[in-house]
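Subject: Structure for you, with notes

Hello,

Here is the structure I said I would pass on. My notes on how the chains sit together follow below it.

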There are 2 protein chains.
Amino acid sequence: MADTTYDVVGIGNAIVDIIGRCNDTFLAEHGATKGHMRLVDEETVESLYKAMGPAIEISGGSAANTMAGIASLGGKAAFIGKIADDELGTIFGHDIRSAGVAFETIPANSKSTARSLILVTPDGERTMNTFLGVAPELDQREIDADLIAASQVVYLEGYLFDRAEAKAAFRQAVKIAKGASRKVALTLSDAFCVDRHRAEFLDLIRGGVDILFANESEVTSLYRVGAFDDAVRHARNACELAVLTRSAKGSLILSGEKAITVAPEPVARVVDTTGAGDLYAAGFLYGLTAGKPLETCGRLGSLAAAEIISHIGARSETQLAKLAASRGL
Amino acid sequence: MADTTYDVVGIGNAIVDIIGRCNDTFLAEHGATKGHMRLVDEETVESLYKAMGPAIEISGGSAANTMAGIASLGGKAAFIGKIADDELGTIFGHDIRSAGVAFETIPANSKSTARSLILVTPDGERTMNTFLGVAPELDQREIDADLIAASQVVYLEGYLFDRAEAKAAFRQAVKIAKGASRKVALTLSDAFCVDRHRAEFLDLIRGGVDILFANESEVTSLYRVGAFDDAVRHARNACELAVLTRSAKGSLILSGEKAITVAPEPVARVVDTTGAGDLYAAGFLYGLTAGKPLETCGRLGSLAAAEIISHIGARSETQLAKLAASRGL
């Protein structure tokens, strides 16, 4: 796979995060399930914004965070996602490009750029309330075939897999990648998301996903099992690689009959868990496309995830390449 | 002064800060003087934004930061400042209101909300590049006479003292405050700002400022002297109170013939000095309007300033009232 311009191209929702603090009571009063992402309409996002405390704005979006993380590690990344021609869109575009990620999707001149009201509780857990605006309107025409063929891996964000057009765009991306002998990676994103589209996710995985990323609740939801170990049995032969993250328990990498357990990186204080999974995927994919052993890929994932949860926001505050070098990774 | 609804009403530029990191070379290459604020036009702000790295957005504005700090300490604050009816204006309005500050200035439906590109160097020093947009268009009609008469102190931000309309608005505010037997406070904001308007600042001070806030470079610029001690001699009888901040050297409060030296609050690591002066003023004015002794006012100022420089952005991350209580203030 040496003849590629990019290590990874990510396809996902282009979102600006609006991050504030709250307590558990506030979440309950506003019908938000702690630790999850829910989609909200424009009216709800406005009333919730009015009710929440002071906030800060930081570019986000799951796959976009992953691509920014890969660039911070020294990898070559590109992103495909839909913004509107508005101020939040300008912020999103600036932040991802200045992080070193190629981003050429044309902004829409209708609707608005997606925003996610992220409420962080004192335990560092994040609960997301996302108004998608124009983000889901990404369609097949925006899946740049040359870009995908020029990338070692195409990384698909499960959150985007919702509208028929986006699903078609994903299938198109898989087809192009397969045709160019590239790898396809998918992240399941969220257990509720898996629950809404289980059959189609399973189809997509069977139809060409080489690398599956999921956390415990997502993978148990995918296979409708109660225990993680049961999910592991199903996931083992579903794809070439299944990478299962387990928060404070670290992660498990399944490759054929091999199962590699990776310890989590210690964190002095968990400030905000937003982006933990995204940055784990960044470290893992950076390692994989750089030809590192699977265990090193997992350790890079743990390291990048640990950096992101030690501060507010899902974009790294330190240069991850330096951090990795300091650990000999 | 018990018959007041607000402790302090601030008048200043309504700004959203766009904060990123850079090194000293980047500042030099882009003609920015480290540690200062410069006004830039729309073209410059756009090209600088393009050149700078990933950023985060946090509401700012000097007097607005001070009012948010007073509210966080448990005081009653209001703010008068001009935003546009755009996304950054929505962010500014949300953040200041949800911080507990009354803010009723009508957004303009022309131009754009002010933004300041704040470049933070590895030593924690901030350099500001401000595009004011609609902010300076605050005029006399927006100086709410009832609000000023209902506040113990009106706090004027030197940065805003630039256009003729804003200067007239300041003089109007002083007149209303004096008529209602309220106190007038002024912050000089920046040495370059003092240099541009020295004579008028001196007139304003003579004409009714009771409490003057300045740092070392501002007060030496105001009196065109080289040494801080010489500036102290001039400032001593200029107003009822002169509050002079000296960064790591703490602060000096001049009241008649008394001079009270206040030690700085220790800070483990200076992350970003943005808002240090603003939050010092918040602590001081909160203490003063709550009837505390001057030394306690200064210690509250040091404490609030120490909190703000320990993290990115000029809005406090912890509830300052709790922090003050934990120190017995």
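In which sense do strand β4 of chain A and β4(B) pair, and over how many bridges? Please keep in mind that this is a predicted model. The two strands run antiparallel, and three bridges join β4 (residues 55-59) of chain A to β4(B). Within this pairing, A:I56 has B:I58 of β4(B) opposite it.

Next, the symmetry. In general, a rotation about an axis and a shift along it relate two copies of a chain. Here, a turn of 180° with a shift of 0.0 Å along the axis lays chain B on chain A, and the RMSD is 0.0 Å. The axis is therefore a two-fold one. B:E57 has the C-alpha of chain B that is nearest the axis, at 2.4 Å from it. Both copies use the same surface, as 100% of the contact residues of chain B recur in chain A.

Then the contact itself. On the chain B side 18 residues take part, and they touch 18 residues of chain A. Two elements of chain B, β4 (55-59) and α4 (87-98), each give at least two residues to the side that touches chain A. The largest share of that side is from α4(B), with six residues. By residue type, the side of chain B that touches chain A has nine nonpolar, five charged and four polar residues.

If you open the model, a good place to begin is the pairing of β4 of chain A with β4(B), and then α4(B), with its six residues on the side that touches chain A.

Best wishes

Notes. Residues numbered from 1 in each chain as written. Chains lettered and ligands numbered in written order. Predicted model: local features only at pLDDT ≥ 70, side-chain atom pairs only at ≥ 80, totals over all residues. Least-squares fit on C-alpha atoms with pLDDT ≥ 70 in both. Contact = placed C-beta atoms within 7 Å. Helix = DSSP H or I, 4+ residues; strand = E, 2+ residues; numbered from the N terminus. Nonpolar A, V, L, I, M, F, W, Y, C, P; charged D, E, K, R; others polar. Pairing = 2+ DSSP bridges.
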